[in-house]
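Work through the exercises below with the sequence and the model in view. Try each task before reading its solution.

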Amino acid sequence: PSLAEGRGAGTPGAAPGKGSCQHPLPGLPAPPRQRAPSSRAPSSPAPLLRASREGDSSSSPGASLLRLCTLDMAAPKVAVIGAGVVGLSTALCIVETCPSCSVTVLSDQFSPNTTSNVAAGILIPHTYPGTPIHVQKQWFKETFTYLFALSNSNEASEAGVHLVSGWQIFKNTPTPKEELPFWSDVVLGFRPMSEAELQKFPQHQFGQAFTTLKCECPPYLLWLEKRLKANGVQMYTRKVADLWELHSEYNIIVNCSGIGAHQLVGDEKLLPVRGQVLKVHAPWVKNFIRDGDGLTYIYPGIYSVTLGGTREKEKWSLSPDPDTTKDIFERCCSLEPSLWGAQDIEVKVGLRPSRWCVRLERQVLSRGGVKLPVVHNYGHGAGGFSVHRGTAKEAARLVGECIAALQGSSSRAKL
């Protein structure tokens, strides 16, 4: 999970196919359903980028997934590690795209104790330097489309998903990328701020107005858990110290462990970026305000307003700092003076799992002649909520490739 603007992932989400194992209405939440029989044939969307295929014995993804669902074999067992927004969404996408799987979520922390619970959950993307922009845009667009449909459904209140309008402001003249970010045509009503609007922020020279989406935590995580349970997914509180401890219980491991991947898989490229935020009661604040530098932001929600923040690289402390709390509050009040009347200030700290690029790929581990297929989906930093559904869809597609490879190996063994 990640902080304030979002949470926790490098390969694009695939376009929905036409096979019967796909989500019935792409972009719309499907009603809970029983697992479909393994004879149903799924489609396999073509990826925008090719992921790692080490040890892949399958043919084309489409043919492999078709063979997967037509073979009369036991349901593949998939373990998803992590119960933040990325882990739960990935588990849900796996169930939706290949319902013959038996999916289990394992995590040492569930809501309300995940990093995602600290996040404001607003959809404003953060750029990953090591991931192509068109891939990031695809992830964001798929996530926005999914949540926009949810916000227009009768489940919006329970899921805590709603639209929010506001401003992103800059003290100095923005760069071309800042002036027209890659996501500007995905959010609603993106436009430069008028001179009248800018009068509210006399210290800033330029700004953008737009409407985006916000996921409230913990309602959104609890909504995801509810949907998973309705689809037969088991959830267990368990700390996984080594991926190999699961190889005798599960066929495929999906690593959505967030900052935990630093220790779990020894990823030295994954670093914590400590974020401290305040949750305050200020129901009169209706519009979000985000300073262009990303350090100061005001995100109103259904239950509280999130004030931030900090970006402290390689800091592991989860203890709130009183001086930081004072600094955050004063910075936010300088943008929205009415916040001086805010009450019930609660301080929260989380560690964004930050990486040069999201790790979203297949890997086949090998030990003593035994192979363990793994799909990684972590490293989303502060942008996890903005891309969680898009990266989850791609991770689910990679799981389908793993299953197809296992089925192919099993078929050859029988022959």
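**Exercise 1: The sheet**

Lay out the open sheet of six strands and find its edges.

Solution. The model is predicted. Step one is the strand order: β6-β2-β1-β7-β15-β14. The pairing in this open sheet is mixed. Step two is the edges. β6 (234–237) and β14 (359–367) each have a single partner strand, so one side of each is left without a neighbour in the sheet. Step three is the twist, which averages 20° from one strand to the next.

**Exercise 2: One strand pair**

Determine how β2 and β6 run and how many bridges join them.

Solution. Start from the general rule. Strands of a sheet pair through backbone hydrogen bonds, either parallel or antiparallel. Now take β2, residues 102–107. Four bridges join β2 to β6, and the two strands run parallel. Then pick a residue: Ser107 has Thr237 in β6 as its bridge partner.

**Exercise 3: The cysteines**

Decide how many disulfides the whole structure holds, then check Cys215 and Cys333.

Solution. The cut-off comes first: a disulfide needs two cysteine sulfur atoms within 2.5 Å. A search of the whole structure finds zero. Take Cys215. Its nearest cysteine sulfur belongs to Cys217, 7.1 Å away, and Cys215 is in no disulfide. Is Cys215 buried or exposed? Cys215 is buried, with a relative accessible area of 0%. Next, Cys333. The nearest cysteine sulfur is that of Cys332, 7.1 Å away, and Cys333 is in no disulfide. Cys333 is buried, at a relative accessible area of 3%. The cut-off for buried is under 20%.

Technical notes: Residues numbered from 1 in each chain as written. Predicted model: local features only at pLDDT ≥ 70, side-chain atom pairs only at ≥ 80, totals over all residues. Heavy atoms only, no water. Pairing = 2+ DSSP bridges. Axes fitted to C-alpha atoms, helices over the stretch in contact; angles between N-to-C directions. Buried < 20%, exposed > 50% of the residue type's maximum accessible area, 1.4 Å probe, protein only.
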